[in-house]
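Dear colleague,

Please find below the structure that I am handing over to you. I would be grateful if you could read the notes beneath it with the coordinates open.

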Amino acid sequence: RKKKSDLPFWWRKQTACYYVQINGKQERLSPDLDEAWRLYHELMAGKKEAAVNHPAASAGKVGPLVVDVLAEFLQWAGENKDAATAAAYERRMRHFIRSLKARGDVCLAVADIRPRHVTDALTAMGQRYSDTTKNDVAASVQRAMKWAFLDGRIEMNPLAGMPKPGRVDRELAITPEQYAEIMAAVNEPSFRNLLAFAWESGVRPQEIVKIESRFVDLDRHRIVFPARESKGKKVKRVVYLTEEAEAVLRPLAGKNPTGPVFRSARGSAWNKNSINNAFIRLRRRLGRTAMK
């Protein structure tokens, strides 16, 4: 019996179950290893049948499928990148995979992919998504193909040099009056701490949720993010604190000596979903459909 690390699927502790990624989609198997093996072989058999029935299969031109390369890249990202980066890749590629399925191209071979396939996916996203988000989607698919090429999994990168929508800088700035209005409507202490520290320090939201006591140097009135925890992961990021920011941070650092300092009312670390939910509740109190 193989070790869990040697299996072609993985064990997810949170749900106490085995999972496998097929065609860019995570499939739930079973908590029982023997049953997981049986379901895995069924899924793989179905995948192979789809490849055999591909229109170009008779000519021997199928080669690696795009969805397989994306799945392999996501697995690599999950093992070699931090959780947030891996999740972002998966979230962005979902738009592209959805477009392939909608157009009947789920068995598209790497040899047949063209920039137009990515462009079609971006067009299908519509006006709801900004050019910056569409740029992220295109860049993620392009990154996967580059990774596969450099790793020797495919013979050429079919999306090298592919044009992408331009990124748009956000120009929204909260005024002191708006900040005061927001804080007056927030009645949850943990969320108030998060907003107050963001306002006083200017630290990026994705950085605030990662702050740990070991990063805090109150004697020098600063936070020092290690290089591996900083954007770009090359140099340390140093943030100097105002007195007001220190006043928020000091008791939290003492209360939570290990793990993230900023935590929700439930005691769990803040994340993108919990912050979004807190803002949804805030908008309802303010009687708005959007924060403007």
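The notes that follow cover the nonpolar cores, one buried tyrosine, the cysteines and the aromatic side chains. Please bear in mind throughout that this is a predicted model.

Nonpolar cores

The largest nonpolar core comprises 32 residues, and the members that touch the most others are F197, I211, I223, L249 and F262. At least two residues of this core come from each of helix 6 (176–185), helix 7 (189–201), strand 5 (222–225), helix 9 (243–255) and helix 10 (272–286). The greatest contribution is that of helix 7, which provides five residues.

F262 merits inspection in the viewer. With residues up to four places away in sequence left out, F262 touches N193, L194, F197, I208, I211, V248, L249, L252, A269 and W270. There is also a second core, separate from the one above, with 31 residues, among them L65, L70, M93 and M125.

Y179

Y179 belongs to helix 6. Its relative accessibility is 18%, and Y179 therefore counts as buried, the cut-off being under 20%. Beyond its neighbours within four places in sequence, Y179 contacts I174, L195, A196 and W199. For one of these partners, L195, the separation is 16 residues in sequence and 9.1 Å in space between C-alpha atoms.

Cysteines

How many disulfides does the structure hold? The number is zero. As to the cysteines themselves, C17 is buried, with a relative accessible area of 0%. C107 is likewise buried, at 19%.

Aromatic side chains and a charge over a ring

Across the whole structure, the search finds ten aromatic pairs. One of them joins F215 and F225 in a tilted arrangement, with 5.7 Å from centre to centre and 55° between the planes. This pair links distant parts of the chain, ten residues apart: F215 is in the loop between helix 8 (205–208) and strand 4 (216–217), whereas F225 is in strand 5. Both of these phenylalanines, F215 and F225, are buried. Strand 5 thus appears twice in these notes, since F225 lies in it and the strand supplies at least two residues of the largest core.

An aromatic cluster is formed by F73, W76, Y89 and W147. Finally, R12 is placed over the face of Y19, at 4.3 Å from the ring centre.

With kind regards

Terms used
Residues numbered from 1 in each chain as written. Predicted model: local features only at pLDDT ≥ 70, side-chain atom pairs only at ≥ 80, totals over all residues. Heavy atoms only, no water. Core = buried A, V, L, I, M, F, W, Y, C linked by side-chain atoms within 4.5 Å. Buried < 20%, exposed > 50% of the residue type's maximum accessible area, 1.4 Å probe, protein only. Helix = DSSP H or I, 4+ residues; strand = E, 2+ residues; numbered from the N terminus. Contact = heavy atoms within 4.5 Å. Disulfide = S-S within 2.5 Å. Phe/Tyr/Trp six-rings, centres within 6.5 Å; stacked < 30°, edge-to-face > 60°. Lys NZ or Arg CZ within 6 Å of the ring centre and 35° of its normal.
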